[in-house]
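Visitor: I should like to be guided through this structure by way of questions. May we begin once it is in view?

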Amino acid sequence: SIAYHWSETLAKQLGQAAQDKNFHSLRHYAINELRYEQGLPKMTRHHLFGHALAGEEDRRYGSRTPLTDLKPAIDALPRVF
């Protein structure tokens, strides 16, 4: 399963420090990195991570962030392994 392989890879990379980490930990870290360190716009972060949009304006108007804008966001993600 994906969860098993994720846990195994994490344990190999982080050793004992991996004990308190899970996939949600990585997601939380990546979102904070893109928000505070990279200054990625909220809408792009929501589209990249699959979050629901909160405001009426965001849900109703506009379109998905183009893939050409998501690529630099993905490239800006911190490399953990």
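**Contacts, core and helix faces**

Visitor: Leaving aside its neighbours within four places in sequence, which residues is R45 in contact with?
Guide: This is a predicted model, and the contacts are computed from it. R45 lies in helix 3, residues 42–49. Once neighbours within four places in sequence are left aside, the contacts of R45 are I31, L34, R35 and L40.

Visitor: Does R45 count as buried or exposed?
Guide: A residue is buried when its relative accessible area is under 20%. The relative accessibility of R45 is 9%, so R45 counts as buried.

Visitor: Which residues does I31 touch, not counting those up to four places away in sequence?
Guide: I31 has already appeared among the contacts of R45. With residues up to four places away not counted, I31 touches R45, F49 and H51.

Visitor: Which residues make up the largest nonpolar core, and which helix gives the largest share of this core?
Guide: In soluble globular proteins, nonpolar side chains tend to be buried together. Here the largest nonpolar core has six residues: A30, I31, L34, L40, F49 and A73. Three residues, the largest share of this core, come from helix 2 (residues 23–37).

Visitor: Why do the buried residues of helix 2 line one face of the helix?
Guide: The buried residues of helix 2 are A30, I31, E33 and L34. Seen down the helix axis, they line one face because they fall within an arc of 160°.

Visitor: Which residues are exposed on the other side of helix 2, and what is included in the cover of its buried residues?
Guide: The cover over the buried residues of helix 2 includes helix 3 and helix 5. On the other side of helix 2, the exposed residues are H24, Y36 and E37.

Visitor: What separates the C-alpha atoms of P41 and A73?
Guide: P41 lies in the loop between helix 2 and helix 3. At 48% relative accessibility, P41 counts as partly exposed. P41 and A73 are 32 residues apart along the chain, and their C-alpha atoms are separated by 9.8 Å.

Visitor: Where in the chain is confidence lowest, and where is it highest?
Guide: The mean pLDDT of the chain is 77, with 81% of its residues at 70 or more. Confidence is lowest in helix 4 (residues 56–60), at a mean of 61, and highest in helix 5 (residues 67–76), at 84.

Terms used:
Residues are numbered from 1 along each chain as its sequence is written. This is a predicted model: local features need pLDDT of at least 70, side-chain atom pairs count only at pLDDT 80 or more; totals for chains, interfaces and linings use all residues. Side-chain values use heavy atoms; hydrogens and water are left out. Helices (H or I, at least four residues) and strands (E, at least two) are DSSP runs, numbered from the N terminus. Buried means under 20% relative accessible area, exposed over 50%, partly exposed in between (1.4 Å probe, protein chains only). Contact means heavy atoms within 4.5 Å. pLDDT is the predictor's confidence in each residue, from 0 to 100. A nonpolar core is a set of buried Ala, Val, Leu, Ile, Met, Phe, Trp, Tyr and Cys residues joined through side-chain atoms within 4.5 Å. The arc is that of the directions from the helix axis to the C-beta atoms.
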